[in-house]
Amino acid sequence: MHIDFASSSNGTYNNAGSSRQLANYLEHEDLERMEKGIYAEGFFDLTDDNIYKSKVIKDIDTNIGQLLKTDAKFYAIHVSPSESELRTMGNTEQEQAEAMKRYIRKVFIPEYANNFNKELSATDIKFYGKIHFDRSRSDNELNMHCHLIVSRKDQANKKKLSPLTNHKNTKNGIIKGGFDRVNLFQQAEQGFDKLFSYNRRHTESFDFQNTMRNSTISEQLKLEEQNIQSSERETEIDQHRDQENLFSITLENKGINNQTSNLDINVDIGEKDNTSVNPSFSQLNNQTSDTFISFISSRADFSSNFEGQMPIPQKKKIKGHRL
């Protein structure tokens with residue numbers, strides 16, 4: 001899962017003024033998809049879908065109490081699942097879009113609110129989301145991602161909330177609370193894995209990717225070595241499990257073969273004697289275990305009597321010959 005905060009600029013992501021330019025940009029894909037007759041998603045918030053763009057712009061642009069002209073009025077956030085994560089979220093674009101909205105509402109926004117350390121909940125965050133399905137510069141088969149426009153102020157238009165501050169859980173001074181982006185990324189990833197029962201590989205985790213991106217060469221090599229060792233251990237465990245399963249299957253087959261062999265011996269005895277111990281031996285498998293036990297007991301008695309009636313051959317003496 002890749003999450004990033006778009007940097008402010010004089011273009012689409014200029015957040016010191018109106019959100020109109022960004023909202024217009026987020027609708028460009030809808031027009032292309034509708035011309036092709038393809039499914040498109042509207043704006044959504046914590047509870048509602050298909051929200052009009054005019055409402056989005058009005059709500060964000062009027063929720064700016066006590067902000068200066070040059071202050072940021074909103075923030076743009078990108079939430080982009082990997083191809084592997086998207087396959088976990090659904091088989092169709094619509095299923096994936098519904099799963100993405102559920103993730104934003106149940107995991108990302110609650111973690112975003114909690115990370116300010118100001119006793120906020122998801123309902124305190126004013127935001128609007130827009131799902132896109134394509135990326136012009138990507139060769140991936142699946143590219144669904146989500147754009148979020150998040151107001152600088154809370155729903156009550158009283159508290160300033162900046163996810164780009166460098167303060168982290170401060171309790172003294174003018175700024176109280178702060179924001180820990182690394183913690184947000186970690187919690188959002190763990191929340192995704194729990195929500196969708198996703199088995200994340202270590203090399204796919206934020207911690208691994210963050211270390212590889214920001215650490216020294218020696219630290220990266222050490223991490224890679226640890227990852228290789230971990231993969232080897234997992235392979236050994238899988239191989240051991242496979243061997244145990246194969247051994248178990250072999251024992252089961254051996255037991256079945258022994259049972260079949262015993263039944264064959266009993267059948268041969270019955271054919272020699274032409275004695276009908278069980279009137280329907282061919283239907284033995286459909287009878288109860290009590291009948292089967294009775295059958296075996298009968299065969300044992302018959303075998304004992306049969307052996308007792310057979311004459312015991314006399315041993316002949318062999319005379320020696322002189323050379």
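This is a short chat about the pockets of a predicted model and one pair of its helices.

Me: What kind of model is this, and what pLDDT do local features need?
Reply: The model is predicted: local features need pLDDT of at least 70, side-chain atom pairs count only at pLDDT 80 or more, and totals for chains, interfaces and linings use all residues. Residues are numbered from 1 along each chain as its sequence is written, and side-chain values use heavy atoms, with hydrogens and water left out.

Me: OK, what's the volume of the largest pocket?
Reply: About 540 Å³. On a 1 Å grid over the protein atoms alone, where a 1.4 Å probe fits, a pocket is an open set of points with protein on both sides within 12 Å along at least five of seven lines, and lining residues have an atom within 4 Å of a point. Grid points are joined across faces, edges and corners, and a volume is the space filled by probe spheres set on the points.

Me: Which residues are closest to its centre?
Reply: Y25, D134, R135, R137 and H145, out of 23 that line the largest pocket.

Me: And which helix gives the largest share of that lining?
Reply: α2, with 3 residues; helices here are DSSP runs (H or I, at least four residues), numbered from the N terminus.

Me: New topic: how do α5 and α6 cross?
Reply: Their axes, lines fitted to C-alpha atoms over the stretch in contact, with angles from 0 to 180 degrees between N-to-C directions, come within 10 Å and cross at roughly 140°. They are therefore oblique to each other, that is, not under 35 degrees (roughly parallel), over 145 (roughly antiparallel) or 65 to 115 (roughly perpendicular).

Note on methods:
Helices (H or I, at least four residues) and strands (E, at least two) are DSSP runs, numbered from the N terminus.
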